Amino acid sequence: MPKEVLPGLYQLKVPIPNNPLGWVLPYLIPGDDGYTLVDCGWNTPEAFDALETELRDLSLTFADIKRLLITHVHPDHYGLAGRIKEVCGAQVIIHQRERDFIRSRYKEPEQLLERMATFLNEHGVPKEEVDELKSAAMAVRGLVVPVEPDEVLWGGETLDFGGEYKFVVYWTPGHSPGHICFYEPTHRVILTGDHVLPSITPNVSYHPQQRGNPLGDYLASLQRLESLEVVKVLPAHQEDFTDLRGRLREIVQHHHERLDEMYAIIGDGCATGYHVASNVVWATGTFDTFAPFMRRAALGETLAHLEYAVQEGRLHQTRENGVICYKQASG
Ligand SMILES: [Zn+2]
Ligand SMILES: [Zn+2]
């Protein structure tokens, strides 16, 4: 039975089979013409059935969903979007920065795979591992029925669907370039997607589609939420919680500790992203034992920290024989 987190506003629970995250938490927001569903789970029969059952528990069907708001286009949030659109014609709404990924990841990935191979070589991934890591995300493509958005958001909009809840869109890049959160100022609740979770931190990766300074973007996005008055945080995984500011502080601290750990690994030498990633103590296990997808995520997360440190003037980046390595700026 869905949980009523505010009068008429429900938290659903959709399973993510064979995944440590367990489930995704979509939200149903009431409006004049029906409901807006925020995120939807990936495209598996179990997830689709769970969603249908939860709607039925509320005496609803897919026909009652008029809009589908997507925090970002990762498979666990966007996977079922195409199927839901097909079933009920709901309007699909995402941030404009996520739109480009629909084609390059889910429809025509060939170019991206080539860029990924070059990227992995540049960051010191051993030749025998490049092929494996390059295509590590291809398996999840089957979990997504891609659909183009009917409408895109930029951040700053107030979404008024006629009901008592009017959510303001906050653009929060970092975990994904077009990630968005939704804040309701009257009821002081915020839907945080993957941006802020109660006890795990989302992957923030530097990768071929997210250059620049993703960790810097992420930390700035956390700061953007700091001044909000919030009594309840509604994330897309784990469970809802109350202390947003406390959690924001913990996450910032986590990344600073991670940076210190990486400076220590680099020491006086010059290290590739791969070398640093394989020596970090990850909460979920050791690098060698990770499946290819996790190894690539760990490398992306490492590079996000190293590139942040370069931007901060703490590290220098050099390139030798086509391979990039990082060293202390003072050394
Ligand atoms: Zn995500
Ligand atoms: Zn997620």
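Reader: Which strands does helix α3 lie across, and what would you call its direction relative to β7?

Author: This is a predicted model, by the way. In it, helix α3 (residues 81–88) lies across β7 (65–69) and β8 (91–95). α3 runs at about 165 degrees to β7. Angles over 145 degrees count as roughly antiparallel, so α3 and β7 get that label.

Reader: What about helix α4: which strands does it touch?

Author: Helix α4 (residues 96–107) packs on the sheet and touches β8 and β9. The direction of α4 makes about 110 degrees with that of β8. With 65 to 115 degrees counting as roughly perpendicular, that is the word for this pair.

Reader: What makes the sheet open and mixed, and in what order do the strands come?

Author: The order is β1-β2-β5-β6-β7-β8-β9, 7 strands with mixed pairing. At the edges stand β1 (3–6) and β9 (151–153); each has a single partner strand, so one side of each has no neighbour in the sheet. On average, neighbouring strands are turned by 25 degrees against each other, direction ignored.

Reader: How do you know that β2 and β5 count as a pair?

Author: Pairing takes at least two bridges. Strand β2 (residues 9–11) and strand β5 (residues 27–31) are joined by 2 bridges, so they qualify. They run antiparallel, and Tyr10 has Leu28 in β5 as its bridge partner.

Reader: Why are α7 and α10 called roughly perpendicular?

Author: The axes of helix α7 (residues 214–225) and helix α10 (residues 292–311) cross at roughly 85 degrees, coming within 7 Å. The window for the label is 65 to 115 degrees, so α7 is roughly perpendicular to α10. Pro214, Leu215 and Gly216 of α7 make the contact with Ala304, His305, Tyr308 and Gln311 of α10. Sorted by class, that contact has 4 nonpolar, 3 polar and no charged residues.

Reader: And what do α8 and α10 look like on that score?

Author: The axis of helix α8 (residues 244–266) crosses that of α10 at roughly 85 degrees, and the two come within 10 Å. So α8 and α10 are roughly perpendicular to each other. Here Arg258, Leu259 and Met262 in α8 meet Thr302, His305, Leu306 and Ala309 in α10. The classes are 4 nonpolar, 2 polar and 1 charged.

Reader: Why is β13 called mostly covered?

Author: A residue needs 20 or more other C-beta atoms within 10 Å to count as buried. In strand β13 (residues 189–193), 5 of 5 residues are buried. Both faces are covered, with Val189, Leu191 and Gly193 on one side, and Ile190 and Thr192 on the other.

Reader: Which strands are joined to β13, and how do they run?

Author: Strand β12 (residues 180–184) joins β13 through 3 bridges and runs antiparallel to it. Strand β14 (residues 232–235) has 4 bridges to β13 and runs parallel. Ile190 in β13 is the bridge partner of Tyr183, and Ile190 has Val233 in β14 as a partner. β12 and β13 form a hairpin with 4 residues between them; in the turn, Arg188 has a positive phi of about 55 degrees.

Reader: What makes you call the whole protein as compact as a globular one of its length?

Author: The radius of gyration is 20 Å, close to the 20 Å from the globule rule for 331 residues, so that comparison holds. The C-alpha trace spans about 65 × 40 × 30 Å along its principal axes. 41% of the residues count as buried.

Terms used:
Residues are numbered from 1 along each chain as its sequence is written. Chains are lettered from A and ligands numbered from 1 in the order in which they are written. This is a predicted model: local features need pLDDT of at least 70, side-chain atom pairs count only at pLDDT 80 or more; totals for chains, interfaces and linings use all residues. Axes are lines fitted to C-alpha atoms, for helices over the stretch in contact, and angles run from 0 to 180 degrees between N-to-C directions. Angles under 35 degrees count as roughly parallel, over 145 as roughly antiparallel, 65 to 115 as roughly perpendicular and the rest as oblique. Two residues are in contact if their C-beta atoms, placed from the backbone, lie within 7 Å. Ala, Val, Leu, Ile, Met, Phe, Trp, Tyr, Cys and Pro count as nonpolar, Asp, Glu, Lys and Arg as charged, and the others, Gly among them, as polar. The radius of gyration is taken over C-alpha atoms; the globule rule is 2.2 Å times the number of residues to the power 0.38. A residue is buried if 20 or more other C-beta atoms lie within 10 Å of its own, exposed if 12 or fewer, and partly exposed in between; C-beta atoms are placed from the backbone.
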